[in-house]
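Dear colleague,

I am passing on the structure below, together with a summary of what was found in it. Please look through the model first and then read the notes that follow.

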Amino acid sequence: MSTFFSTTEEKSPLLCVDIGTASIKSCIIREKNNQLEILGFSDVSQEPGNLKDGAIVHLSKTITSLQHAIRDTENLARISTVDVVFAFSGEMVRGANVTLSFQRERPEKRIDDQELKTIMYELQSQAFELIRGDIASELCLAAMDVKLVNASILRVTIDQEIVTDILGKTGARVEMELYNAFSPVKYSGHFQNMILELPYHQLRGVFVPTMAIGYCLQMNDALLDAIVIDIGAGTTELGVYCNGRFMGSRSYAFGGNTISKRISYELSTSFEEAESIKIKYGSDSLEKKSQQVITELLKHDLELWISSL
């Protein structure tokens, strides 16, 4: 189970890494007095073909880019970190949440470490089976062919009262809202192999990017209602928040590269030139006639993207 920060006033720096199709971004942040301070940041380009639709194709090259990004970030921040959060998504990573309850036999007794472990094990086991079955069905796979890549506690209540730490509390009914993310075994295996190549031992959690963003947003708005959209080079990912609660995420293979490939194909030009045209189009710096031509040839793709949202 993952928790980003403890409740002390000043926390240890945290290394956050977003592994994308076009680049690997990393930053070191520190929370102090409910504010996030960025101590270092880097953005290292991926070689074309390292990732496709969010899936790792060339593991060794991706590891090299990842190590480069982390080294640059730590050099800029002038510190080394031990706590790491990876943001890694893709069309084959699916997540959802579920709310489950545990009825205590002795409501008057204070919850100790042993009972807390029992409650968490019981509820996470139920969440695992419920969510895994739904996601395996979505991916058209057998349940045994998908693997849990992230489990997080989103909210806890005791007798309908929200609590941040249930140790030492009394009450009859403990309710937990749990988030689980799954991906096919083969897909998640590359990610795990990559993690093993890094000299870090305290991996706080593996989050899809929209969930990581939500943690930052919730620091300023506990009743957040939002749809967070992360448009990457290879995929688009959506995260849904309702009253500050993360409801789930979905990702599909449509990103900036899709637009560049369409321009390249329709104009019979190189991908690099198409990428330049796309950027100029987005900044409205093309000639009026050229702007209209690009608008027309991208119309079908953009309609498809919007309908998918």
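**The sheet and its hairpin**

In this predicted model, Ile-158 has Glu-161 of strand E9 as its bridge partner, and the neighbouring pair in the list is Thr-157, whose bridge partner in E9 is Ile-162. Strand E8, which covers residues 146-158, is joined to E9 by 3 bridges, and the two strands run antiparallel. Together E8 and E9 form a hairpin that leaves 2 residues between the strands, and Asp-159, which sits in the turn, has a positive phi of about 50°.

This hairpin belongs to an open sheet of 7 strands, which follow one another in the order E9-E8-E10-E7-E14-E13-E12 with antiparallel pairing. The edges are formed by strand E9 (161-163) and strand E12 (226-231), each of which pairs on one side only. On average, and with direction ignored, neighbouring strands of the sheet are turned by 25° against each other. As background, the strands of a sheet pair through backbone hydrogen bonds, in either a parallel or an antiparallel manner.

Further along the sheet, E8 also pairs with E10 in the antiparallel sense, here over 11 bridges, and within this pairing Val-156 stands opposite Met-176 in E10. The antiparallel pairing of E7 with E14 rests on 2 bridges, with Ala-96 standing opposite Gly-248 in E14. Strand E13 (residues 236-242) pairs with E14 as well, in the antiparallel sense and over 7 bridges; in that pairing Thr-236 has Tyr-252 of E14 as its bridge partner.

**A helix across the sheet**

Helix H2, which spans residues 113-138, lies across strand E7 (94-103), E8, strand E10 (173-184) and strand E14 (245-252), and it runs at about 145° to E7. What is the count of aromatic pairs in the model? The count comes to 1 aromatic pair. The rings of Phe-128 and Phe-182 have their centres 5.5 Å apart and their planes at 55°, so the pair is classed as tilted. Because Phe-128 lies in helix H2 and Phe-182 in strand E10, the pair ties together parts that are 54 residues apart in sequence.

**The second largest pocket**

For any work on open space in the model, please note that the second largest pocket holds about 450 Å³ of space. Its lining consists of 19 residues, of which Thr-21, Leu-51, Asn-257, Lys-261 and Phe-271 are the closest to the centre of the pocket. Strand E4 (51-52), helix H5 (256-267) and helix H6 (271-282) are the elements that give two or more residues to this lining. Sorted by class, the lining has 6 nonpolar, 7 polar and 6 charged residues.

With kind regards

Key:
Residues numbered from 1 in each chain as written. Predicted model: local features only at pLDDT ≥ 70, side-chain atom pairs only at ≥ 80, totals over all residues. Heavy atoms only, no water. Pairing = 2+ DSSP bridges. Helix = DSSP H or I, 4+ residues; strand = E, 2+ residues; numbered from the N terminus. Axes fitted to C-alpha atoms, helices over the stretch in contact; angles between N-to-C directions. Contact = heavy atoms within 4.5 Å. 1 Å grid on protein atoms, 1.4 Å probe; cavity = no way out; pocket = protein on both sides within 12 Å on 5 of 7 lines; lining within 4 Å. Points joined across faces, edges and corners; volume = space filled by probe spheres on them. Nonpolar A, V, L, I, M, F, W, Y, C, P; charged D, E, K, R; others polar. Phe/Tyr/Trp six-rings, centres within 6.5 Å; stacked < 30°, edge-to-face > 60°.
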